[in-house]
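Got your viewer open and a selection box ready? Let's take a walk through this model, one stop at a time.

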Amino acid sequence: MENSEGVKIESTVVTEEPLISALDIALFVVIITVAYFWYFKRDKQSSSSEKKPYTIQPSSLSSIEQTSNSSFIKKLKSTGRSLVVFYGSQTGTAEEFAGRIAKEGARYKMKGMVADPEECDMADLVEMKEIQKSLAIFCIATYGEGDPTDNAMDFYEWLQNGDADLEGLNYAVFGLGNKTYEHYNEIAIYIDQRLEELGATRVHEIGLGDDDANIEDDFVSWKEKLWESVCSHYGIEETGEESNIRQYKLVDCSEVLPERIFSGEISRLKSYENQRFPFDVKNPYLSKIAVNRELHKSGDRSCMHIEFDIDGSKMRYDTGDHVAVYPKNSSELVDKIGELLNADLDAVFSLSNTDEESSKKHPFPCPCTYRTALTYYLDITSNPRTHIMKELIEYASDPKDQEKLKLMASSTPEGKKEFHEWILRDNRNIVHILEDLPSVKPDLDHLCELLPRLQCRYYSISSSPKVYPKSIHITAVLVNYTTPTNRVNKGVATNLLAQLIPTNDELPQPTIPIYIRRSQFRLPPKSQTPIIMIGPGTGLAPFRGFIQERDYARKEGREIGEMVLYFGCRKKDEDFIYENELQEYVANGTLTKLHLAFSRDQPEKKYVTHLLEQNADELWNIIGEKSGHLYVCGDARSMAKDVHSIIVKVVMEKGQMTNSQALNYVKKMEQQKRYSADVGS
C-alpha cells in the first residue's frame, strides 16, 4: 500500500520477539548511516554553493529574502544615497530612462539608485523624509488601455487603496505613453496627483513622453528642466562632472565551464533543455512550429498564418489573448558588428554591476558569448537614443565624427534636428551608425552595456482554444522596407518566423520561445449577445478566434447572437486573408453579415470606415437598441480614432443625443467592456 505522500509501506506479520532484536539493531544502524550522509551532503552543498560563480538573479525570492531585500530605505541609508528612481516598465524604456537619471544624479551631489517597485516595500516612502535632501523620481509607463505595467501594479493599487502620510517626500514623475491611445499617460498622471494628495512635495512638474512622436526628445527636455528645479529646490549647483561612468564592469569568463554559459535563455540556465511549467515572461515555452503558410494570393507582400504547437505544455489561453514571441537578431547583422569592431564574437564574458547594492547584477543573462548577447539579448535594429550618441564620442578618432556625435547628443535645436533627420528619419540602427562613422570603434563590452534589451513581440491570437486547445494561431505580415539610405530593414520577429518552415516528421521541427499574455479583449459572457467586429488587415486576427468560438457554440446547439464583421484590405484577389473560412461562416449562419472594403479595387479608395458611415442604422440597432458589444482591432493612429468618431456620431444621430451625451454614452460602453479596442501604433 501507499501513504499520503506516495511512499510504499510494506505489510508484515508481528510475532513475539526479544526487547531489542537483530532487526532493531539493523534499523538503528541504517538510521544513523542515513543521518550521517544527509548531514555530510548538506554541508558539502552549502560549501559548494558559496563558490558558484556567475549566477543570474532568480525571478522570485522567498518571503525571508523579500523582507530583507525590499527595504530601499535601508539601502539608501547604508550607502549614503539620497536619490531613488523607480520605474514602471513593460518594454524596458522606462527602466532605461530611470538608469540615466540615477547616473546623472552624481553631477548634482545626489548619489542615486534605480529600483523596481515590484521588488520594494513602497510603504517605506513615508521614511524618505529621514534622509537629508532626498528625492524620489518615478519613470512610469502606461500600458494597454490605461493600465499600469506589470511591475508597477502593486504600487498603483497601494496608492489607490492606502492613505499613507507622505509629508516630507520630495518627488517628480515622468510618464511614458502614446497619444494614439485614448488613455494617454493615465497612470503617470494619476501617480503624480495621488502623491500630492497624500502630502508629498512635487519638486518638478510631470513630464509626458509621447512614443508616437519622439519620446527621447520629450524625456531629454524634461530631464534638463528637472535638474534646474532640483538645484533651485535644494540650493545646490551642478558639479560640471560628466556622467559617462560605466555601470557594469567587464569580467573575463574564458575559463568558465561550457555548462555554466548562457546560450540564449531568458532567465534560467538550460531552461530550453529542461522545460518546466509554468511558462511566463521569464520562462518561455520552446514551441514547435506546426504550420507556416502564406495567406496572400499574389502581390509583393507576405502575410503568414503560423500555428504554435503547445500540446503537453499545460499552457492555456482564452480567445482574445496575445502570444509573446521571443525573436533573435539576424546572423548577418551580428557578424557585421564583429567585423566593424574587429571583435572575437565567440569570446565568453560577463558584465557585473559596479553597484554592489543593485538588485540587477547583470544587464542580461551572464556569462555568455558576445555572439549570444548580440543575437538574443540586445536590440541592434532600433534607432539608438541620444545618450548612446554621447557615449560613443570618446571612441571616435576622426574629429568630424566626434563633432557629429556631439551635435546629436546635445539638446540644442540644431542637435535635435540633426538627430531627428540622421537617426530617426533615415532610420539608422547601431550597425548603420558604425558603418557611416567609420572612426567610431567602441569597446564591444561597453556597446553591450549601452544597447537596450531585445524585447519579445506580441501578436493577437487568431484561434479559439475551444477549437484548437493544443495550438496557438497568429496572423503576421512580413516586415521589410527600404530606408532613405537605401538599406533594407527587416522586422526582427517576422523575418525569423518566415524562416521557420515545418519539415517532414522525420526531422526536428523548428522551434521558438513563446508565452501567453492575458488580455481584456473578451467575447461577451453570454453567447446570445450581438457583436460588431471591426478589423481591417491583420486586425482580423482576434476576430477569427471569436468567430470560431461562436461557431463551436452553435454546433453544440446553443443560441448565438448576431455577428457582424467589417473587414478591409487592398485588393480582393491579393490580400483577402481567410476568405474561404469567412465565406463558410456566412453560409452556415455563424457570421450574420460580412462587410468588405477593398481600398484599391476601384478608382476611389474605400475603407471600412466608409462602410460604417453607410450602416449607421445597423450599428445603432446592435449597440443601442440591443446593448450589443463593439470591438476594434488594428491601427490606433488613424483607423481606431476614425471608428471612435463615427460611433460617437452614430450615437448622436440615431440615439438623438447631444455631442456631450453621446461621448458619455460611448465612455460608459467602454467602462462596461461593451466597446473594446486591441490596437497598436
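Start by selecting Tyr-578: with a relative accessible area of 7%, Tyr-578 is buried. Here buried means under 20% relative accessible area, exposed means over 50%, and partly exposed is in between (1.4 Å probe, protein chains only). The areas themselves come from the Shrake-Rupley method with a 1.4 Å probe, and for residues only the protein chains shown count as cover. Tyr-578 sits in the loop between α17 (572-575) and α18 (579-587). Those labels are DSSP runs numbered from the N terminus: helices are H or I with at least four residues, strands are E with at least two. Check the backbone while you're there: Tyr-578 is not a glycine, yet its phi is positive, about 55 degrees.

Before moving on, a word about what you're looking at. This is a predicted model, in which local features need pLDDT of at least 70 and side-chain atom pairs count only at pLDDT 80 or more, while totals for chains, interfaces and linings use all residues. Residues are numbered from 1 along each chain as its sequence is written, and side-chain values use heavy atoms, with hydrogens and water left out.

**More backbone stops**

Jump to Lys-270, in the loop between β8 and β9. Lys-270 is not a glycine either, and has a positive phi of about 65 degrees. Now pick Pro-278, which is found in the loop between β8 (248-252) and β9 (285-294). The peptide bond from Phe-277 to Pro-278 is cis, with omega near 5 degrees. For another cis bond, select Cys-366 and Pro-367, where omega is about 0 degrees. Pro-367 belongs to the loop between β12 and β13 (368-369).

**A helix under cover**

Next, select residues 93-104, which make up helix α4. Its 12 residues reach 17 Å from the first C-alpha to the last, close to the 16 Å expected at 1.5 Å a residue. (The expected span is 1.5 Å times one less than the number of residues.) How many of the 12 residues in α4 are buried? The count is 9, so α4 is mostly covered. Among the buried ones are Thr-93, Phe-97, Ile-101 and Glu-104.

**Salt bridges**

Side chains of opposite charge can pair when their charged atoms come close. The rule used here for a salt bridge is a side-chain nitrogen of Lys or Arg within 4 Å of a carboxyl oxygen of Asp or Glu. By this rule there are 41 salt bridges.

Try Glu-197 and Arg-194, whose side chains meet in a salt bridge at 3.1 Å, N to O. Both lie in helix α6 (residues 186-197), 3 residues apart, about one turn of the helix. Is each partner buried or exposed? Glu-197 counts as exposed at 58% relative accessibility, whereas Arg-194 is buried at 15%.

Now show the side chain of Arg-371. One salt bridge runs from Arg-371 to Asp-335, with the closest N and O atoms 2.8 Å apart. This pair links distant parts of the chain: Arg-371 is in helix α9 (residues 370-377) and Asp-335 in helix α8 (residues 331-340), 36 residues apart. Arg-371 also forms a salt bridge with Asp-346, the closest N and O atoms being 2.9 Å apart. Here too distant parts of the chain are linked, as Asp-346 is in the loop between α8 and β12 (348-353), 25 residues from Arg-371. Arg-371 is partly exposed at 31%, as are Asp-335 at 37% and Asp-346 at 45%.

For a whole network of salt bridges, select Lys-336, Glu-339, Arg-425, Asp-426, Arg-428, Glu-435, Asp-436 and Arg-487.

**Charged patches**

Switch to a surface view. Patches are made of residues with over 30% relative accessible area and no salt bridge, and like charges are joined within 9 Å. Lys and Arg count as positive, Asp and Glu as negative.

Glu-118, Glu-119, Asp-150, Asp-154 and Glu-157 gather in a patch of negative charge. Glu-118 is in the loop between β2 (112-115) and β3 (135-143), and is partly exposed at 49%. A patch of positive charge brings together Arg-570, Lys-571, Arg-600 and Lys-605. Lys-605 is partly exposed at 47%, in the loop between β21 (593-598) and α19 (608-614).

**Last stop**

Finish at Pro-530, in the loop between β18 (511-517) and β19 (531-534). Pro-530 is buried, with a relative accessible area of 9%. Add Ile-622 to the selection: the two are 92 residues apart in sequence and 6.5 Å apart in space, C-alpha to C-alpha.

Terms used
Patch = residues over 30% accessible without salt bridge, like charges linked within 9 Å, V, L, I, M, F, W, Y side chains within 5 Å. Charge placed at Lys NZ, Arg CZ, Asp CG, Glu CD. Expected span 1.5 Å × (residues − 1).
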